[in-house]
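Hi everyone, thanks for making time this morning. Let me put the structure up so we can walk through it together.

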Amino acid sequence: MTRVTLDFSRMPAWRGAVRNAVNAGVTAAAARGASFMRTGMSTGPRWSGSVPGSPPNVQRGGLRNSIFHTQAVNFRASAGSNAPYALMQERGGTIFPKNVKYLPIPANIAARRLLEKLGGRSLRAEDMNFIPGRNGKPPMLIGHKRVRAVRYLRGGGRKDVGGEPVFVLKKSLTLKARPWCLPAVRKNISAIGRDANAAARRLLRAFARSSASLGGVR
């Protein structure tokens with residue numbers, strides 16, 4: 001006689017295994033999505049902006065290096081960046097000054113290099129000359145100190161573009177969107193799905209083998 005025996009005694013364990021497998025798949029999807037976000041950034045000369053609508057150019061790598069993913073909990077995981085400018089790059093928007101009258105907008109590479117050296121510190125301590133706005137033109141700040149600035153060219157070359165830093169002072173700055181997060185996921189959704197399925201299958205197969213070896217399936 002041929003007989004099949006159904007044993008439901010390990011059903012709670014199976015439910016746990018399925019839950020763990022789904023969480024593993026969701027985690028793998030988040031990790032793969034984060035990877036595509038990092039590799040999807042645009043490239044170009046140092047201190048050059050990308051075309052609006054395309055991912056931002058990699059400058060110092062701050063946004064790219066800030067991208068992370070989380071482990072799935074209750075079938076939910078996330079991937080993205082907590083950098084303060086990440087959402088502004090993704091969606092665009094308008095920036096207004098905080099605790100000051102104007103935003104200093106770098107007008108040349110020397111000014112951009114100076115901001116990079118300051119690392120978020122104020123320009124107030126720098127030797128700058130205020131030029132009032134005239135004939136509808138905005139005011140400016142011009143530095144007295146020479147700032148050595150180097151432009152990194154395609155192919156690895158460098159060019160000294162040092163000079164006096166020049167900033168245009170504006171009361172607001174509107175940035176166009178340069179999406180980097182959602183396009184990376186949408187473009188690579190098939191690969192992300194494959195990683196999720198593979199990770200879930202691995203755990204389920206491992207549990208099935210262990211269950212069979214323990215006599216849970218006959």
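I'll talk about a sheet, a pocket and a salt bridge, in that order. Please keep in mind that this is a predicted model.

Let's start with the sheet. It is open, with four strands in the order β4-β9-β6-β5, and the pairing is antiparallel. At the edges sit β4, residues 103–106, and β5, residues 128–131, each pairing on one side only. From one strand to the next, the twist averages 30°.

If you follow β5 across to β6, residues 140–143, you'll find four bridges joining these antiparallel strands. Which residue in β6 is the bridge partner of F130? That one is L141.

Now look for helix α4, residues 109–118, which packs on the sheet. Helix α4 touches β4, β5 and β9, and its direction makes about 80° with that of β9.

Next, the pocket, which I suspect is what some of you came for. The largest one has a volume of about 2200 Å³. Its lining counts 49 residues, and the closest to the centre are I95, P104, P106, L115 and L173. Two elements from the sheet discussion come back here: β4 and α4 each give two or more residues to the lining, as do α2 (62–66), α3 (86–91) and β10 (173–175). By class, the lining has 26 nonpolar, 12 polar and 11 charged residues.

Last, the charged pairs. Side chains of opposite charge can pair when their charged atoms come close. The count here comes to three salt bridges. One of them joins R32 and D195, with the closest N and O atoms 3.4 Å apart. Since R32 lies in helix α1 (residues 11–39) and D195 in helix α6 (residues 189–213), the pair ties together parts that are 163 residues apart in sequence.

That's my tour, and I'm happy to take questions.

Technical notes:
Residues numbered from 1 in each chain as written. Predicted model: local features only at pLDDT ≥ 70, side-chain atom pairs only at ≥ 80, totals over all residues. Heavy atoms only, no water. Pairing = 2+ DSSP bridges. Axes fitted to C-alpha atoms, helices over the stretch in contact; angles between N-to-C directions. Contact = heavy atoms within 4.5 Å. 1 Å grid on protein atoms, 1.4 Å probe; cavity = no way out; pocket = protein on both sides within 12 Å on 5 of 7 lines; lining within 4 Å. Points joined across faces, edges and corners; volume = space filled by probe spheres on them. Nonpolar A, V, L, I, M, F, W, Y, C, P; charged D, E, K, R; others polar. Salt bridge = Lys/Arg side-chain N within 4 Å of Asp/Glu carboxyl O.
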